[in-house]
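Visitor: I should like to go through this structure by question and answer. Please show me the sequence and the model.

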Amino acid sequence: MKTKILFLLAISCLFTVATRAESAADLRHRMEQRLPQLDALKAKGIIGEDNRGFVVERQAGSPDAAGLVASENTDRTAVYQRIAQQTGATADGVGRARAKQIAENSRPGVWVQDESGQWRKK
């Protein structure tokens with residue numbers, strides 16, 4: 001529960017720098033709607049969080065995982081690009097910083113990738 005609250009808080013903060021409120025609201029809504037499904041797939045070890053701030057399929061097992069991962073990563077890319085534009089950072093840098101936050105706040109048992117590219121269960 002703490003991770004979910006922290007995630008939602010982080011997403012809310014990310015959108016405060018968005019340039020178009022309507023589009024940011026759409027992104028946030030879609031991401032919030034996907035969160036329970038993402039959490040369930042993470043708990044099963046089907047997906048994990050990589051070191052660039054994106055979700056990755058780690059094993060086959062859910063017919064919906066590929067589409068869910070693609071949709072989430074598309075929206076995360078948009079968020080990272082917006083933040084980069086507002087802050088003068090790169091989208092890759094924003095994603096990598098977000099990856100560290102996600103790894104820190106992930107529940108035990110979730111697969112996360114460290115900076116060197118090694119996967120580990122938190």
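Visitor: Which residues are buried in α3?

Guide: This is a predicted model, and burial here requires a relative accessible area under 20%. Residues of α3 that satisfy this include charged ones as well as aliphatic ones such as L68 and V69. The complete set for α3 is A65, L68, V69, E72, N73, D75, R76, V79, Y80, R82, I83 and A84.

Visitor: How far does α3 reach from its first C-alpha to its last?

Guide: Helix α3 has 23 residues. At 1.5 Å a residue, a span of 33 Å is expected. The model comes close to that expectation, with a reach of 32 Å.

Visitor: Which residue follows α3, and what is its phi?

Guide: Helix α3 covers residues 65-87. The residue that follows α3 has a positive phi. That residue is G88, and its phi is near 85°.

Visitor: How many residues apart in sequence are the parts that the pair E49 and R76 ties together?

Guide: The side chains of E49 and R76 form a salt bridge, with N to O at 2.7 Å. E49 belongs to strand β1 (residues 47-49) and R76 to helix α3 (residues 65-87), so the pair links parts whose separation in sequence is 27 residues.

Visitor: Are E49 and R76 buried or exposed?

Guide: The cut-off for burial is a relative accessible area under 20%. E49 has a value of 2%, and R76 also has a value of 2%. Therefore, under that cut-off, E49 is buried and R76 is buried.

Visitor: In the salt bridge between D50 and R52, which residue counts as buried?

Guide: The closest N and O atoms of D50 and R52 are 3.9 Å apart. R52 has a relative accessible area of 37% and is partly exposed. At 8% relative accessibility, the residue that counts as buried is D50.

Visitor: What separates D92 and R96 in helix α4?

Guide: D92 and R96 form a salt bridge, their closest N and O atoms being 3.1 Å apart. D92 is partly exposed at 40% relative accessibility, and R96 is partly exposed at 34%. Because the two lie four residues apart in helix α4 (residues 91-105), the separation is about one helical turn.

Visitor: Which residues do salt bridges that share partners join into one network?

Guide: The salt-bridge count for the model comes to nine. Where salt bridges share partners, their residues are joined into one network. Its members are R30, R34, K42, E49, E72, D75 and R76.

Technical notes: Residues numbered from 1 in each chain as written. Predicted model: local features only at pLDDT ≥ 70, side-chain atom pairs only at ≥ 80, totals over all residues. Heavy atoms only, no water. Salt bridge = Lys/Arg side-chain N within 4 Å of Asp/Glu carboxyl O. Buried < 20%, exposed > 50% of the residue type's maximum accessible area, 1.4 Å probe, protein only. Expected span 1.5 Å × (residues − 1).
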